[in-house]
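User: I should like to learn how to read the features of a structural model, one at a time. Please begin with one suitable example and proceed from there.

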Amino acid sequence: VGSDSMLNSNYCTFSCIVAVHSNDLGIANYYFQKQKLYEKRYHQLENKILKEIEISINTANYLKSNIPKSIIEVHVDIGDKDKNATRYLVDNAKGWVKGMGYEIKIKPDSWASSVADWHTK
């Protein structure tokens, strides 16, 4: 599960994807949902990233409740390198996602959030 967002002047577009794949079978597919939220608070990077994580966790919780044996990773669009403006959020994001019972992937391994980015435009 991964989310991303795109800020516009009056709203922020959030996209969440669920990627279903099997390396053993060599198959992959994904599903996405898009929403526009008209709130000025998403002009702040931290609020926008935290909303992306919230959307991903809510989606992961929904999947887990309906497919209990599923293995779910949450891919977050943040990185811990010096060049990443979001590096200060990494520890909190890891704690939140792991505390909810999911594995977390961050840049450069958070490919699902990159797929979500395709649908924010």
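Analyst: The buried residues of helix 2 pack against helix 1 (45–66), strand 4 (73–75) and strand 5. This is a predicted model, in which local features need pLDDT of at least 70 and side-chain atom pairs count only at pLDDT 80 or more, while totals for chains, interfaces and linings use all residues. Residues are numbered from 1 along each chain as its sequence is written, and side-chain values use heavy atoms, with hydrogens and water left out. Helices (H or I, at least four residues) and strands (E, at least two) are DSSP runs, numbered from the N terminus.

User: Which residues of helix 2 are buried, and why do they lie on the same side?

Analyst: An α-helix has 3.6 residues a turn, so residues three or four places apart point the same way. Buried means under 20% relative accessible area, exposed over 50%, and partly exposed in between (1.4 Å probe, protein chains only). In helix 2, residues 90–99, the buried residues are V90, A93 and V97. They share one side of helix 2 because they cover an arc of only 65° around the axis, the arc being that of the directions from the helix axis to the C-beta atoms. Turned away from this buried side is a face that carries the exposed residues D91, N92 and G99. Just after helix 2, G101 adopts a positive phi of about 95°.

User: Which residues touch the most other members of the largest nonpolar core?

Analyst: In soluble globular proteins, nonpolar side chains tend to be buried together. A nonpolar core is a set of buried Ala, Val, Leu, Ile, Met, Phe, Trp, Tyr and Cys residues joined through side-chain atoms within 4.5 Å. The largest such core has 24 residues, of which V1, I53, V76, I78 and V97 touch the most other members. Strand 2, helix 1 and helix 2 are the elements that give two or more residues to this core. Helix 1 supplies the largest share, six residues. Contact means heavy atoms within 4.5 Å; leaving aside neighbours within four places in sequence, V76 is in contact with I53, V97, I104, K105, I106, K107, S110 and S113.

User: How should the pairing of strands be read, and how many bridges join strand 1 to strand 2?

Analyst: Two strands pair if DSSP finds at least two bridges between them. Strand 1 (residues 2–7) and strand 2 (residues 12–22) run antiparallel and are joined by six bridges. They form a hairpin with four residues between them. Two of the bridge partners illustrate the register: M6 is paired with T13, and S5 with F14. On strand 3, F14 stands opposite Q35. Strand 2 is joined to strand 3 (residues 27–37) by 11 bridges, and these two strands also run antiparallel. Their hairpin likewise has four residues between the strands, and G26 takes a positive phi near 65° there. Strand 2 is largely enclosed by the rest of the structure, because eight of its 11 residues are buried.

User: How many disulfides are there, and why does C12 form no bond with C16?

Analyst: A disulfide is a covalent bond between the sulfur atoms of two cysteines. The criterion applied is a pair of cysteine sulfur atoms within 2.5 Å, and the count by this rule is zero. The sulfur of C12 has its closest cysteine sulfur in C16, 14 Å away, which is too far for a bond. Both residues are buried, C12 at 0% relative accessibility and C16 at 8%.

User: Is T120 buried or exposed, and which residues does T120 touch?

Analyst: T120 lies in the segment after helix 3 and is buried, with a relative accessible area of 2%. Not counting residues up to four places away in sequence, T120 touches D4, S5, M6, T13 and S15. Its side chain reaches the backbone oxygen of D117 at 2.9 Å. Such a polar contact is a pair of N or O atoms within 3.5 Å; within protein, one must be able to donate a hydrogen and the other to accept it, and residues adjacent in sequence count only if both atoms are side-chain atoms.

User: Where is the cis peptide bond?

Analyst: The cis peptide bond joins K107 and P108, with omega about 5°. P108 is placed in the loop between strand 5 (103–105) and helix 3 (111–117).
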